[in-house]
Amino acid sequence: MKERKYKNDWVNERRLDPKTGRETTVPVYKGSYFKQEKPEDTKKRAIVFGLLGLLFLGLLFAYYLLDFPGTRVMYVFLPSSLCLFPALYWLMGCFSSFVAPEKMTRTDREVSVGRVLRSAAGGAIFSAIAVVGDLVFLLGFQAPSNEWLGLLLLAGTCLVALFSAWYARGIYQGIKEVPGK
């Protein structure tokens, strides 16, 4: 549905099919094209995005698997578990960044670096909410002392997501419009 806002970038043209000799309708892209400042670094950036996304997931799963007391509190568990959805889209954006063409359409730009940017920001928001919830749990309910390590893991997920959003934002702003075809 999100890509529908770019529907005016496409025009249907009638062309003669060389195989069948019939006239067919073919979608042709007439919108803007975009190019990164340093297209030779695209694959390296995608790998960095992927490693940061895996680090984010690793810290989150470490928090769950070490079974900290905060995982049993709804106002900590719910926002931290909601981090998994942006993380999935984050990794999808990494893959799209890896296979993105050098000259991107508007949709290519949005599903690669744009998706990583929005997903990392969403992960940062959800993990920040979980960190605040964990602080409330620690300071208000006399949680066990090992919960401080859990708070550090959640804070680590928040910092990784914030750094990734900052890094992706710089790259996203570096994607410039180039002249047609």
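In this predicted model, a convenient place to enter the structure is F56, which, once its neighbours within four places in sequence are set aside, is in contact with C83, A87, W90, G123, T157, V160 and A161. One of these contacts, the one with W90, is also an aromatic pair, tilted in geometry, with 5.2 Å centre to centre and 40 degrees between the planes. Because F56 lies in helix α1 and W90 in helix α3, this pair ties together parts that are 34 residues apart in sequence. Both F56 and W90 are buried.

From here the view can be widened to the interior. F56 and W90 are among the residues with the most contacts inside the largest nonpolar core, a set of 36 residues in which F49, Y63 and L154 are likewise named for their contacts. Four helices, α1 (42-65), α3 (84-99), α5 (113-140) and α6 (147-173), each supply at least two residues of this core, and the largest share, 9 residues, comes from α5.

The aromatic side chains offer a second route through the model, since the structure holds 8 aromatic pairs. Besides the pair already described, F49 and Y167 form one that is edge-to-face, with 5.5 Å centre to centre and 65 degrees between the planes. Here F49 lies in helix α1 and Y167 in helix α6, so the pair ties together parts that are 118 residues apart in sequence. The two partners differ in their surroundings: F49 is buried, with a relative accessible area of 1%, whereas Y167 is partly exposed, with a relative accessible area of 25%. These two residues also belong to a wider arrangement, in which ring pairs link F49, F163, W166 and Y167 into a cluster.

Turning from the interior to the surface, one finds a nonpolar patch of about 600 Å², made by I47, L51, L54, F95, F98 and V99. The elements that give two or more residues to this patch are α1 and α3, helices that also each supply at least two residues of the core. L54 illustrates the outward side of this picture, for this residue has its place in helix α1 and is exposed, with a relative accessible area of 51%. Helix α1 thus holds both F49, which is buried at 1% relative accessible area, and L54, which is exposed at 51%.

Methods. Residues numbered from 1 in each chain as written. Predicted model: local features only at pLDDT ≥ 70, side-chain atom pairs only at ≥ 80, totals over all residues. Heavy atoms only, no water. Core = buried A, V, L, I, M, F, W, Y, C linked by side-chain atoms within 4.5 Å. Buried < 20%, exposed > 50% of the residue type's maximum accessible area, 1.4 Å probe, protein only. Contact = heavy atoms within 4.5 Å. Patch = residues over 30% accessible without salt bridge, like charges linked within 9 Å, V, L, I, M, F, W, Y side chains within 5 Å. Areas by Shrake-Rupley, 256 points an atom, 1.4 Å probe, with all protein chains shown as cover. Salt bridge = Lys/Arg side-chain N within 4 Å of Asp/Glu carboxyl O. Phe/Tyr/Trp six-rings, centres within 6.5 Å; stacked < 30°, edge-to-face > 60°.
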